[in-house]
Every structure is written in C-alpha cells, then in structure tokens.
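Please take a moment to look over the sequence and the model before reading on. The paragraphs below start with the chain as a whole and then move to single residues.

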Amino acid sequence: AFMVRAPRAQVVGSKRVVLFAPRDADNLYMVGDKSAVADIERPDLARFPRFARATPYEAALGPGDVLFIPALWFHNVVARDFSVAVNVFWKHLPPEEYAGKDAYGNKDPASAHKASMQLAAALKSLAALPPDHRDFFARRLVAKIKDTCYLQPDAP
C-alpha cells in the first residue's frame, strides 16, 4: 500500500527497508502501484536506465524499532531472518476520496482516478492524429502537467 500512511513496528527479527520518495516515481518505472524493477540490488540498468537516478533511503529494523512510511513513499522490505512486524494503516485524505470498500486506502483517490479516466479519453483523441502531430501535442500536455502539478523542477 503506498497511498496511506503506515508505521511499521518490528517485534521479532530484523528487516532491511529501502524507501524511495514520490518524486522518484518516474525513475522506478511504475506499473500501477508497483515498480517494474524487481531486483533493486542488481537492477537491469540496460532495461531501466533511469533507476540509477533514484535516491534510496535505507533503514535497518530490529526488535522494538518503529518506522513511519509516509503516504506515496515506495518501499521494499526484506526480512533478514525470522521476522514478525505489526503494520498500522490509516487514511488521511477526506473520506470522499476513498472507495467504499477500500479499508486500507490502497486504491487511487477518487480525484486521481477521475483524472486517469480523463487522460485515457485525451490519449484516445490524440490517437486520431498522425504520429508527428500526436507526439507534439502529447509533449505539450506533459509539459502542462509538469508546470501545473509538479512541486519542484526535475534535476538535470
């Protein structure tokens, strides 16, 4: 679950946790809410070259440690030995953003889902254009999204 805030309390054993900030989403090759980079220790950089630009934040959890994972932070957790942990999830957006049966807040918020549907319609409209026109107007849309929605400019 990456849409909710979640503290993780380690009870027994130890785990290695690697976190990535939401701003690294493009570098993680997202497919839905998961990264296509299956092995973050030995990523296939020929296939996933932008992964090298992602900034990992690593933590080691032992018994009694608690790690708070903020909403939208991507995480990879590997048990180092027999391990027991307790996770607590809570929703922090207005209730109308969550689907009725979305107990843990795992689904996209309603506003994001609506935007995704509108994007699908926009892409269908662009598909009617010749490739060079489609590319040009798609790039304009991407630039508009970046200018309007991104919190900070991309690093060079």
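How many Å apart are the mean positions of the positive and negative charges of the chain? In this predicted model, the chain carries 21 positive and 17 negative charges, and their mean positions are 4 Å apart. With that in mind, we can turn to the general outline of the chain. Along its principal axes, the C-alpha trace spans about 60 × 40 × 25 Å. The chain has two helices and eight strands, and a reader who follows the sequence meets them in the pattern β-β-β-β-β-β-β-β-α-α.

The next step is to ask how the residues of this chain are covered and how they meet one another. Of the 156 residues, 24% count as buried, a word that here stands for a relative accessible area under 20%. The accessible surface of the chain comes to about 10800 Å², and 60% of that surface belongs to carbon and sulfur atoms. Where contacts between residues at least 6 apart in sequence are considered, 73% of them join residues at least 24 apart.

One part of the surface can be picked out by its nonpolar side chains. Val11, Val12, Phe68, Phe82, Val84, Val86, Val88 and Trp90 form a nonpolar patch there, and together they have about 700 Å² of accessible area. Strand E1, which covers residues 6-12, and strand E8, which covers residues 84-87, each supply at least two residues of this patch. Val12 is one of the residues of the patch and is found in strand E1; with a relative accessible area of 36%, Val12 is partly exposed.

A little further along the sequence we come to Ser14, which lies in the loop between E1 and E2. Is Ser14 buried or exposed? Its relative accessible area is 16%, and therefore Ser14 counts as buried, since the limit for that word is 20%. If we leave aside residues up to four places away in sequence, Ser14 touches Leu61, Gly62, Val78, Ala79, Arg80, Asp81, Phe82 and Ser83. Among these partners is Phe82, which we have already met as a member of the nonpolar patch.

We can now look at pairs of charged side chains, for the structure holds four salt bridges. In one of them, Glu58 is paired with Arg16, and the closest N and O atoms are 2.9 Å apart. Why can this pair be said to tie together separate parts of the chain? Glu58 lies in strand E5, made of residues 56-61, whereas Arg16 lies in strand E2, so the bridge ties together parts that are 42 residues apart in sequence. The two partners can also be described by their accessibility: Glu58 is exposed, with a relative accessible area of 53%, whereas Arg16 is buried, with a value of 18%.

Another salt bridge lies within a helix. Asp135 and Arg139 are both part of helix H2, which runs over residues 131-149, and they are four residues apart, about one turn of the helix. The closest N and O atoms of this salt bridge are 2.8 Å apart. Asp135 counts as partly exposed at 38% relative accessibility, while Arg139, with a relative accessible area of 56%, is exposed. Salt bridges can also share partners, and in this way Arg16, Glu41 and Glu58 are joined into one network. A further salt bridge is formed by Arg42 and Asp39, with the closest N and O atoms 3.6 Å apart; here Arg42 counts as exposed at 63% relative accessibility, and Asp39 as partly exposed at 30%.

Finally, two residues deserve a look for their backbone angles. Which phi value does Tyr29 have, although it is not a glycine? The phi of Tyr29 is positive, at about 55°, and this residue lies in the loop between strand E2, residues 15-20, and strand E3, residues 30-31. Tyr29 is buried, with a relative accessible area of 16%. Leu72 also has a positive phi without being a glycine, and its value is near 75°. The place of Leu72 is in the loop between strand E6, residues 66-69, and strand E7, residues 74-79, and with a relative accessible area of 35% Leu72 is partly exposed.

Definitions and conventions: Residues numbered from 1 in each chain as written. Predicted model: local features only at pLDDT ≥ 70, side-chain atom pairs only at ≥ 80, totals over all residues. Heavy atoms only, no water. Buried < 20%, exposed > 50% of the residue type's maximum accessible area, 1.4 Å probe, protein only. Patch = residues over 30% accessible without salt bridge, like charges linked within 9 Å, V, L, I, M, F, W, Y side chains within 5 Å. Areas by Shrake-Rupley, 256 points an atom, 1.4 Å probe, with all protein chains shown as cover. Contact = heavy atoms within 4.5 Å. Lys, Arg positive; Asp, Glu negative; His and termini not counted. Charge placed at Lys NZ, Arg CZ, Asp CG, Glu CD.
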